[in-house]
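Please work through the exercises below with the sequence and the structure open beside the text. Each exercise gives a task, and a solution then follows step by step.

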Amino acid sequence: MKRLFKLKKIVVTLLMTALIAQSSGCVGIKVPEKYKEKQQEEEKSKDREVEKASPTDYKLKDNSYIYEGDDDGVVTMYLTVSRGNASDNTDHSWEEVNKYNAFYYSENDLEKYGVNGLLQVGDELGPASGELGYGRTTPNCTVVIRGQTSSKDPQKGYKIKINKNQGDWRDQTVINLNKHEMEALRFRNKMMFDLQKDLPDITSLRTQFVHLYVKDLTKEEPDTVFYDYGLYTQVEQPNKKMLKAHGLDPNGNLYKENQMFEFFYYDDIRLVTDPDYDEKKFNYYLKTRGSNDHSKLIEMLKDVNDGAADGDEILDKWFDRENLSTWMAFNIITGNVDTQSRNTLLYSPSNLNTWFLMDWDCDAALRRYENSLNANDPALYKDDAWGWEIGVSNYWSNVLFQKILKSESFRKLLDEKVEAIYKEYSSGKVMDMAKKYASIVKPYCYGPVDKIYEPLKEEEYDKVLNNLNDEMKLNYELYKKSLDMPMPFYIGKPVAEADKTIFTWDTAYSFRGSDIRYSIEVADNYDFNKPIIKEDNLFIGQYDYAGNLKAGQYFIRVKAYDDHDNSQTAFDYYVTEDRKIYGTICFYVEKDGTIKQEGE
């Protein structure tokens, strides 16, 4: 037994020696080939290892290369219009196309009148070789008016659709020519989109100044020459082709906000397979420019309107914080206020829940000072002249924006973006770009065609141009102020009872958690110089007036105040010939004592 134990001990000792020799590189005991191969593979894999970043969520990134074909000059286009056919609604005259605005068509449930067109691109000498339409004599496109409110202007904008297999212009087959008649500088839209090219987490659109000439063959005595139509800005059409060009998903969802889309769960937003789906009703809120599968949109709207879901939950599930904060900060600093419920694109890739926001129309940006000159009213440039349409309060009526603005982390991120954008733009970037564009477009503004409708005198043009930095500073200051103010709210319709009249309004919100009190005034004029009712220090959203008002027209104004006397008007406003009366609604008392609100 002792000898056996001794032998075992010797064997163990030999094995240990072999292992030690192997690990130290000594030669002694032969290692099986399969273990050698494994060891060699492990050593090779170590040599091949590289440092890798951790996986991150998808971020919106634009394709910067597509802008290389754009330039800051003016492209000349020649459009020859002719009657087409009834099948595609182009059997109309050019005069008919220009006669009606967009509201006429919607009110009468009509498709926009169109014409056939031959679009040719060149220079001031004429169509150029190698450009779209050169050498052609037959139509290659169709033309209708474009825009909504702007379609009421005497100078129309046009949507030109190049026919299939008839070529393209800079890889685009829809040419949007915007006149911007009431925008005196005539370069704001292009400048805003060009600024967005340099912003991370957001996508811009391609733009180009265009000088348009038109020859009308639809007259009884057709034109024999081209007539000068002046300066336009071409803006890339948001569609599947645009998504692909920008490196985005052409099969994803893309919607253009149309009329008062505030992210509510509207009854008319339905699947196309729903028996009650109505495309026209759907288009009132959103126009589909990508996939027509609306299921993801509907699920997002359900969650946004779920009272139990807060802003952080909505952001984490459905949106990109960087994109939303950059988009909002840009529009706040540039004063592009008409983005609460329209002029915006919603995009979501096919295989992601995330939605991203992009701008579609920016010609309202940096317009405060210009509007005060147009109205000949310097008071319109005061910090309180635009009521709640400043800073974050401008977005409070939108259910999505209201929820995310209640998120402290989102407000912190928004503040960082506002500071960064304002610092960059106010350091000279915007003024340098504006002066360069003004040198290009101002000769057109006061040239033979466009000067007829130019809103400003030439010396006023320069005043507006040189005031852009000051206007950004004002927008920045108003943003800071809006964070301290109570948020706007809505006034209810008054109710008349047997012996009293009840006035109600919604509760205002304070980011600072301040106590809110209210004041109410009722008068028979919107100047409120002789109020019939005037009450202050109300701590609830209701005031009962002892008695009834006699028959006539009346106005209610309600304001909210916090502990530091920061005030805010209601969302409601009354529109006069030349301005909005913020925080005010108009109502009528009938002879029988019943009350009707304006518009009923």
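The exercises that follow concern a predicted model, and they go from the whole chain to its empty spaces and then to single residues.

**Exercise 1. The chain as a whole**

Task: Describe the make-up and the extent of the protein chain, and set its radius of gyration beside that of a compact globule of 600 residues.

Solution: Begin with the secondary structure, where the protein chain has 15 helices and 23 strands. Next take the extent: along the principal axes, the C-alpha atoms fill a box of roughly 125 × 75 × 55 Å. The radius of gyration of the protein chain is 32 Å, whereas a compact globule of 600 residues would have a value near 25 Å. Then turn to the packing, in which buried residues make up 50% of the 600 residues. Among the contacts with a separation of 6 or more, 70% are between residues 24 or more positions apart. Finally, the protein chain exposes about 30300 Å², and carbon and sulfur atoms supply 48% of that area.

**Exercise 2. The closed spaces**

Task: Find how many cavities of 30 Å³ or more the model has, and describe the linings of the largest and the second largest.

Solution: As background, rolling a probe the size of a water molecule over the atoms shows where empty space is left. The count comes to three cavities of 30 Å³ or more. The largest cavity holds about 90 Å³ of space. Its lining consists of 13 residues, and those closest to the centre are Ile332, Gly335, Val337, Ile390 and Gly391. Helix H10 (321-333) and helix H15 (468-484) are the elements that give two or more residues to this lining. By class, the lining of the largest cavity has five nonpolar, six polar and two charged residues.

Now take the second largest cavity, which holds about 60 Å³ of space. The residues that line the second largest cavity are Asp171, Gln172, Thr173, Val174, Arg206, Glu236, Gln237, Asn239, Lys241 and Met242. Sorted by class, they are two nonpolar, four polar and four charged residues.

**Exercise 3. An open space**

Task: Describe the second largest pocket by its volume, its lining and the helix that gives the largest share of that lining.

Solution: The volume of the second largest pocket is about 280 Å³. Of the 18 residues that line the second largest pocket, Trp396, Ser397, Gln402, Lys406 and Pro488 lie nearest its centre. The largest share of the lining, three residues, comes from helix H12 (residues 399-405). By class, this lining has nine nonpolar, four polar and five charged residues.

**Exercise 4. Buried, partly exposed or exposed?**

Task: Decide how threonine 80, glycine 252 and phenylalanine 264 are to be classed, and name their contacts beyond four places in sequence.

Solution: The cut-offs come first, since a residue is buried under 20% relative accessible area, exposed over 50% and partly exposed in between. Threonine 80 belongs to strand E1 (residues 74-82), and it counts as buried because its relative accessibility is 11%. Beyond its neighbours within four places in sequence, threonine 80 is in contact with Asn116, Gly117, Leu118, Lys215, Leu217 and Phe226.

Glycine 252 is in the loop between helix H6 (240-245) and strand E9 (253-257); with 0% relative accessibility, glycine 252 is therefore buried. Not counting residues up to four places away in sequence, glycine 252 touches Gly290, Ser291, Ser348, Pro349 and Ser350. Asparagine 353 is 101 residues away from glycine 252 along the chain, with a separation of 11 Å between their C-alpha atoms.

Phenylalanine 264 is in the loop between E9 and helix H7 (279-285), and its relative accessible area of 33% is why it is classed as partly exposed. Leaving aside neighbours within four places in sequence, phenylalanine 264 is in contact with Leu301, Asn305, Ser397 and Val399. Phenylalanine 264 and valine 304 are 40 residues apart in sequence, while their C-alpha atoms are 7.7 Å apart in space.

**Exercise 5. Backbone angles in two loops**

Task: State what phi is at aspartate 109 and at aspartate 201, and place each residue in its loop.

Solution: Aspartate 109 has a positive phi of about 55° although it is not a glycine, and it is found in the loop between helix H4 (102-107) and strand E2 (115-123). Aspartate 201, also not a glycine, has a positive phi of about 65°. The loop that holds aspartate 201 runs between helix H5 (188-196) and strand E7 (207-216). Aspartate 201 is classed as buried because its relative accessible area is 15%.

Terms used. Residues are numbered from 1 along each chain as its sequence is written. This is a predicted model: local features need pLDDT of at least 70, side-chain atom pairs count only at pLDDT 80 or more; totals for chains, interfaces and linings use all residues. Side-chain values use heavy atoms; hydrogens and water are left out. On a 1 Å grid over the protein atoms alone, a cavity is a set of points where a 1.4 Å probe fits but cannot get out, and a pocket is an open set with protein on both sides within 12 Å along at least five of seven lines; lining residues have an atom within 4 Å of a point. Grid points are joined across faces, edges and corners, and a volume is the space filled by probe spheres set on the points. Helices (H or I, at least four residues) and strands (E, at least two) are DSSP runs, numbered from the N terminus. Ala, Val, Leu, Ile, Met, Phe, Trp, Tyr, Cys and Pro count as nonpolar, Asp, Glu, Lys and Arg as charged, and the others, Gly among them, as polar. The radius of gyration is taken over C-alpha atoms; the globule rule is 2.2 Å times the number of residues to the power 0.38. Buried means under 20% relative accessible area, exposed over 50%, partly exposed in between (1.4 Å probe, protein chains only). Contact means heavy atoms within 4.5 Å. Accessible areas come from the Shrake-Rupley method with a 1.4 Å probe; for residues, only the protein chains shown count as cover.
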